[in-house]
Amino acid sequence: MSGDPRPSLGCVGAPRLLAGLDQAARLDRVAHLTTHGQMPRYRPEELVDLAENIDLRGRGGAGFPFSRKLRAVMRSARAGDGQTAVVVNGSEGEPSCLKDTALLLHTPHLVLDGALLAAAALNSEDVVVGVTRGDVEQSLREAVAERGPAGRRVQITRLPERFVTGEGTAHVNGLNGGPTLPSGQKVRTSDRGLNGVPTLFSNTETFAQIAVAARLGALDYRTTGLPSEPGTILLTVAGSTVVETPSGAALSYILELCGTDPGQGVLVGGYHGKWLDPASARAAEISRESLDRLGARLGAGAVLPLPMDTCPAGEVARVTRWMAKESAGQCGPCVRGLPAMADVLEDAIRGGGRAALEMLELRMKAVLRRGACSHPDGTSAFVASALRTFPDEFRDHALGSGCGRRVLGALPLPEDDESPERLLVDWTLCKGHGLCVDVLPDVVRLDLDGFPAEASMAVPRQLRQKALRAVRRCPALALRIQD
């Protein structure tokens with residue numbers, strides 16, 4: 001993941017979630033209790049009422065009411081044998097997000113408090129935190145050890161770091177020992193999740209927020225933020241700085257505090273989010289109501305201003321290509337549709353003309369509502385939003401004049417994205433058998449003579465095993481994989 005592995009933290013307004021971090025980089029168990037105090041216990045209906053009174057929504061992207069998740073798990077448990085589980089989604093496959101990483105590195109006990117509070121209310125035997133980073137895993141294991149016997153109920157599980165790991169069914173499948181891939185089935189985790197039992201599945205920040213609210217009570221929690229959306233929100237600004245802000249703060253003020261401004265526009269909600277033009281960004285507040293009016297939503301809290309000195313079209317194309325590589329590799333709209341969309345987008349900004357822009361529109365529509373998860377829809381929406389926000393940029397590039405600016409990488413991507421593995425052809429050995437295209441049709445194309453059309457081909461991560469199979473099956477031993 002790109003960005004500082006220990007993200008910088010800044011606080012705006014009441015520093016509730018991050019209280020004490022001006023004195024310590026990480027709050028161990030003693031410092032945590034000194035700062036926040038002991039955790040009260042809540043009966044099931046009391047916890048539901050608390051979540052409802054503060055209108056706590058999931059902070060992982062969808063914004064689903066936490067109280068409704070609790071009730072759904074309770075109903076499913078009553079209809080079954082009473083077993084339940086709690087899962088903390090601690091993965092952040094979105095390169096523009098670091099807020100959950102910041103919580104788990106700096107205030108892990110706050111997250112564990114929220115998970116164990118919910119587990120006690122639901123009488124859950126299993127509490128599992130799914131993570132993707134080694135430093136986050138270490139921080140959590142230390143926190144569990146610091147709790148002594150009380151921490152034994154918590155399991156920490158490392159999952160593959162990829163964009164789709166955060167999707168609910170993919171995350172639970174991975175925790176259950178299967179592939180970390182979306183199931184494609186409309187099965188709610190509240191009905192059947194971890195080990196097949198009703199599961200409360202929510203984001204890291206959501207559990208931290210309920211832990212704060214449980215200590216303060218609904219009335220005190222509501223003294224911060226908007227009456228309609230009380231409390232604070234964690235944002236990741238420019239992919240590097242985590243900020244806690246009361247709801248209702250002006251987006252432009254948050255950017256100013258982080259030493260930046262709306263620039264050419266601001267991407268809100270990450271790489272499945274929407275672009276705001278500079279005027280809209282200056283008018284926006286950090287609230288659902290304000291962003292809804294502008295056709296956007298906070299999602300997982302990523303806020304990405306685009307500086308004036310970078311090329312918008314190139315930045316969007318770069319991210320679109322990465323999103324195509326992050327396919328789960330199990331359905332056509334992802335495996336073929338997204339790479340095709342990235343190809344056409346790159347063709348358009350290299351001067352492909354109006355025909356390329358028209359083909360891009362067709363490619364975007366072709367993947368909608370056809371995937372096993374929301375990844376194709378979110379990626380298509382990201383490109384569509386960019387086309388609406390920067391129409392002149394894309395038109396000028398397509399018609400050949402361009403903007404004259406370099407692509408500076410203002411939209412963060414993983415560091416290894418620039419150098420993927422490649423499938424290489426040794427022309428002194430290749431006999432044109434064509435078996436490679438049978439094994440790897442999404443990477444290898446044949447020319448009119450039946451030989452590979454390219455000597456060097458990028459291999460997406462999800463197709464690496466197929467690439468290795470193509471290397472093994474080549475009768476002439478003409479293929480190899482190179483970093």
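What follows is a walk through a predicted model of a protein chain, from its confidence values to its cores, helix pairs and a handful of loop residues.

Let's start with how far to trust the coordinates. The protein chain has a mean pLDDT of 89, and 93% of its residues reach 70 or more. Confidence is highest in strand β8 (residues 265–268), with a mean of 98, and lowest in strand β1 (residues 8–11), where the mean is 50. On either side of that there are two stretches to keep an eye on. Residues 1–6 have pLDDT below 50, yet this stretch still has 21 contacts in the model beyond near neighbours in sequence. Residues 11–15 also sit below 50, and that stretch has 15 contacts of the same kind. Where pLDDT is low, the predicted coordinates should not be read in detail. So treat the contacts of residues 1–6 and of residues 11–15 with that in mind, because low pLDDT is a reason not to read coordinates in detail.

Now for the inside. In soluble globular proteins, nonpolar side chains tend to be buried together. Here the largest nonpolar core has 49 residues, and the ones with the most contacts inside it are L47, L50, L70, V86, L200 and F207. Helix α5 (residues 108–122) supplies the largest share of this core, 10 residues. If you want one residue to click on, try L70: leaving aside neighbours within four places in sequence, L70 is in contact with L47, V48, A51, L122 and L200. Two of those partners, L47 and L200, are also on the list of residues with the most contacts in the core. There is another core too, lying apart from the largest one; it has 34 residues, including A324, I349, V367 and L411.

Next, the helix packing. Two packed helices are described by the angle between their axes and the distance between the axes. Take helix α4 (residues 99–106) and helix α6 (residues 134–146) to begin with: their axes come within 8 Å and cross at roughly 35°. The crossing of α4 past α6 is left-handed. On the α4 side the contact uses T101, L104 and L105, while α6 brings D135, V136, S139 and L140. Sort those contact residues by type and you get 4 nonpolar, 2 polar and 1 charged.

Further along the chain, helix α15 (residues 353–366) packs on helix α16 (residues 375–389) at an angle of about 145°, with the axes 9 Å apart. This crossing is left-handed as well, with α15 passing α16. From α15, the residues L360, E361 and M364 meet S380, V383, A384 and L387 of α16. By type, the residues of this contact come out as 5 nonpolar, 1 polar and 1 charged.

That leaves the loops. G270 is found in the loop between β8 and β9 (274–276). Is G270 buried or exposed? It counts as buried because its relative accessible area is 0%. Not counting residues up to four places away in sequence, G270 touches E94, S96 and A302. The C-alpha atoms of G270 and T236 are 9.5 Å apart, with their positions 34 residues apart along the chain.

The loop between α7 (168–175) and β5 (199–203) holds S190, and N195 lies in this loop too. S190 is buried, since its relative accessible area is 8%. Leaving aside neighbours within four places, its contacts are A72, V73, S76, P198 and T199. N195, on the other hand, is exposed, with a relative accessible area of 55%. N195 also has a positive phi of about 55° although it is not a glycine.

D55 is another residue other than glycine with a positive phi, near 50°. D55 lies in the loop between α2 (44–53) and α3 (66–79). With a relative accessible area of 24%, D55 is partly exposed.

Finally, look at R445, in the loop between α18 (435–439) and β12 (456–458). R445 counts as exposed because its relative accessible area is 51%, and the cut-off is over 50%. Exposed or not, R445 does have partners: not counting residues up to four places away in sequence, it touches F451, P452, A453 and E454. The C-alpha atoms of R445 and M457, 12 residues apart along the chain, are separated by 9.6 Å.

Methods:
Residues numbered from 1 in each chain as written. Predicted model: local features only at pLDDT ≥ 70, side-chain atom pairs only at ≥ 80, totals over all residues. Heavy atoms only, no water. pLDDT = per-residue confidence, 0-100. Helix = DSSP H or I, 4+ residues; strand = E, 2+ residues; numbered from the N terminus. Contact = heavy atoms within 4.5 Å. Axes fitted to C-alpha atoms, helices over the stretch in contact; angles between N-to-C directions. Left-handed = near helix turned anticlockwise from the far one by under 90°. Nonpolar A, V, L, I, M, F, W, Y, C, P; charged D, E, K, R; others polar. Buried < 20%, exposed > 50% of the residue type's maximum accessible area, 1.4 Å probe, protein only. Core = buried A, V, L, I, M, F, W, Y, C linked by side-chain atoms within 4.5 Å.
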